[in-house]
Amino acid sequence: MTMPPVSTASPESMPKPAETTAAPIGPRERPLINGDNAYFWEGVQERTLIFQKCDDCEKVRHPSSPACPSCCSMAWQPVTSTGSGTVYTFAIVHHPQLPGFQTPYPVMVVEFEEGARMALSSSKIDGRDLYIGAPVQVAFKVDDDFVYPDLELRSLVDKAAL
Amino acid sequence: MISGRPVAICGIGATEFSMDSGRSELRLAIEAIQAAVADAGVRASDIDGLVGFTYEGNPETSIVRNLGIPEINFYSRIPFGGGAACGTVAHAAMAIASGVAETVVCYRAFNERSGQRYGRDQGREALYYTERWNRSWYRAFGLNTAAARLALTARRYMHEFGVTTEDFGRVVVAERAHAATNPNARFYGRPVTLEDHQNSPWIVDPLRKLDCCQESDGGVAIVVTSLERARDLASRPVVVRAANQGIWQGSEESTGYYTSESAFLPDSAVVARHLWSSAGIGPDDIQTAILYDHFSPFVLMQLEAYGFCGRGEAPAFIADGRIGPGGAFPINTNGGLIGEAYIHQMNGITEAVRQVRQTAANQVPDVENVLVTAGPGIPTSAAILGVDR
């Protein structure tokens with residue numbers, strides 16, 4: 001048996017990591033799910049948006065947490081959102097490329113009617129149509145057999161209903 | 001407030017800053033620490049404490065082994081990326097003031113440009129275990145970089161006060177003007193105009209490429225000891241007047257969007273309050289500042305959070321060239337993370353030291369006190385360094 005040759009490379013001649021400029025492939029990265037946030041992703045698979053509502057102070061909260069940030073109570077109930085909200089802030093991602101996202105794509109923090117804010121992206125909204133205060137409505141998008149919340153502009157939803 | 005022995009920075013050291021160091025991160029750390037120890041006029045074997053970042057790739061054991069340090073009895077690491085920078089000085093200062101340690105080195109070394117780049121997706125495995133779940137709320141929606149997450153905060157700041165991307169551009173122009181006359185800066189000799197800024201492509205709208213800090217390879221180290229001992233060493237002591245960290249209740253690592261304060265850098269406000277109180281001085285006592293500039297809008301927001309002007313007033317505050325070369329309040333005189341290099345602001349701390357020593361490439365006259373801040377929009381830290389009287 002022959003041993004592999006011992007590397008005599010000095011630090012100055014270390015190989016460089018490969019550049020990763022190729023277009024991203026593969027599905028969107030699935031969220032991590034544990035006992036604290038399972039209610040949310042289970043709800044999304046059923047095409048509902050669910051927030052936590054504190055049993056004691058009745059505040060609605062997101063992101064999920066075992067204890068209420070307002071009163072520290074650990075007792076809570078799920079509350080189903082109407083999915084209707086307004087844009088609190090937004091940005092348009094041009095770089096980097098990510099699997100499951102088509103640049104440029106808008107990301108935003110939405111203030112929902114129930115009072116909770118959540119950061120979300122949209123595959124349906126043109127970033128140039130966005131402004132702070134814009135009315136948005138949750139929609140849903142399936143990627144790799146998993147449902148994600150998506151967003152559309154509510155004015156367009158309303159027009160479609162007419 | 002740090003009680004106990006007064007503390008000083010007695011040495012600084014760095015490698016060259018580059019886009020491809022051609023050597024290992026450990027070697028960069030060793031070179032930087034050796035340079036800092038030589039600057040202080042102490043021996044590496046005198047080091048009895050080490051403070052680093054949780055993001056640091058070089059463990060204390062490797063530092064001790066390679067520098068021939070017989071033993072250390074104090075070491076700590078600070079979380080939250082660039083928010084850690086001045087926290088390293090705070091931890092070192094507390095260890096020395098309390099008598100736990102005598103000679104503490106704060107260090108940061110990485111191949112952040114030729115190796116793993118923060119401007120790209122790091123993958124969730126780069127995060128600590130619980131933090132993976134927190135960050136998963138954002139990764140699920142394509143918010144995988146600091147630029148994307150903090151662009152949301154920048155946009156809200158614009159909305160609150162009618163701030164424009166030209167206001168961001170004026171920060172960039174001032175920083176690049178400083179870098180243009182700093183031979184250690186990547187952008188030495190390469191100033192930009194407001195027009196260049198406005199023509200710069202979007203990374204994450206409202207952040208253009210020129211609004212974003214660089215990605216860099218390099219290492220920086222700082223030696224901290226008691227002021228009494230520093231007075232007997234090779235370099236002029238730089239007194240640590242105050243060094244503080246801060247997290248407020250609504251904070252997250254770049255995603256604290258959930259309260260009405262989110263556009264006002266509430267972590268920085270916590271640090272500022274404790275810092276001014278601890279040092280017993282205020283913004284009027286500061287001659288120059290090195291404000292963390294991962295993204296240019298956050299320089300404006302920090303001018304407000306640290307009390308140099310009121311909320312929403314920073315664009316007007318800087319409009320007359322106040323923060324650029326020869327201005328009434330030059331800041332980021334090394335060119336900042338945008339113009340000099342991105343060594344997680346440890347290079348900003350060394351610039352603050354040079355300003356106090358009167359050895360900076362873009363020296364501000366009559367410096368008594370310098371404010372240096374760590375990454376804002378995340379749990380953060382800051383320090384005030386001053387002249388020994």
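Start by selecting Glu29(A) and Arg124(B): these two form a salt bridge, with their closest N and O atoms 3.5 Å apart. Here a salt bridge is a side-chain nitrogen of Lys or Arg within 4 Å of a carboxyl oxygen of Asp or Glu. Side chains of opposite charge can pair when their charged atoms come close. Between chain A and chain B the count is 2 salt bridges.

A word on what you are viewing. This is a predicted model, in which local features need pLDDT of at least 70 and side-chain atom pairs count only at pLDDT 80 or more, while totals for chains, interfaces and linings use all residues. Residues are numbered from 1 along each chain as its sequence is written, chains are lettered from A and ligands numbered from 1 in the order in which they are written, and side-chain values use heavy atoms, with hydrogens and water left out. The pLDDT is the predictor's confidence in each residue, from 0 to 100; chain B averages 96, and 99% of its residues score at least 70. For the complex, the predictor gives an ipTM of 0.95 and a pTM of 0.94.

**The interface**

Next, show both sides of the contact between the chains. You should find 46 residues of chain A in contact with 42 residues of chain B, contact meaning heavy atoms within 4.5 Å. The area buried between the two chains is about 3,800 Å², and carbon and sulfur atoms give 60% of it. Buried area is the accessible area (1.4 Å probe) that two parts lose on being put together, summed over both. Now highlight Glu29(A), Leu32(A) and Tyr88(A), which supply 17% of the area that chain A buries against chain B, more than any other three residues.

Turn on polar contacts across the interface, and 16 residue pairs qualify, both residues at pLDDT 80 or more. The rule asks for a pair of N or O atoms within 3.5 Å; within protein, one must be able to donate a hydrogen and the other to accept it, and residues adjacent in sequence count only if both atoms are side-chain atoms.

Which element of chain A gives the most to the side that touches chain B? Select β4(A), which gives 6 residues. Helices (H or I, at least four residues) and strands (E, at least two) are DSSP runs, numbered from the N terminus.

Stay with β4(A) and add β5(B), residues 202-205: 2 bridges join these strands, which run antiparallel. Strands pair if DSSP finds at least two bridges between them. Zoom in on Val93(A), which stands opposite Val204(B) in β5(B).

**Inside chain B**

Pick Asp121(B) and Arg139(B), whose side chains meet in a salt bridge (2.9 Å, N to O). Asp121(B) lies in the loop between β4 (103-111) and α4 (129-139) of chain B and Arg139(B) in helix α4, so the pair ties together parts that are 18 residues apart in sequence.

**Inside chain A**

Now colour the open sheet of 3 strands in chain A, with the order β2-β1-β3 and antiparallel pairing. Its edge strands are β2 and β3 of chain A, each pairing on one side only. Between β1(A) and β2(A), look for Gln52(A), whose bridge partner in β2(A) is Arg61(A).

Then visit two loops. A cis peptide bond joins His62(A) and Pro63(A), with omega about -5 degrees; Pro63(A) sits in the loop between β2 (60-61) and β3 (76-80) of chain A. Another cis peptide bond joins Thr103(A) and Pro104(A), also with omega about -5 degrees, and Pro104(A) is in the loop between β4 and β5 of chain A.
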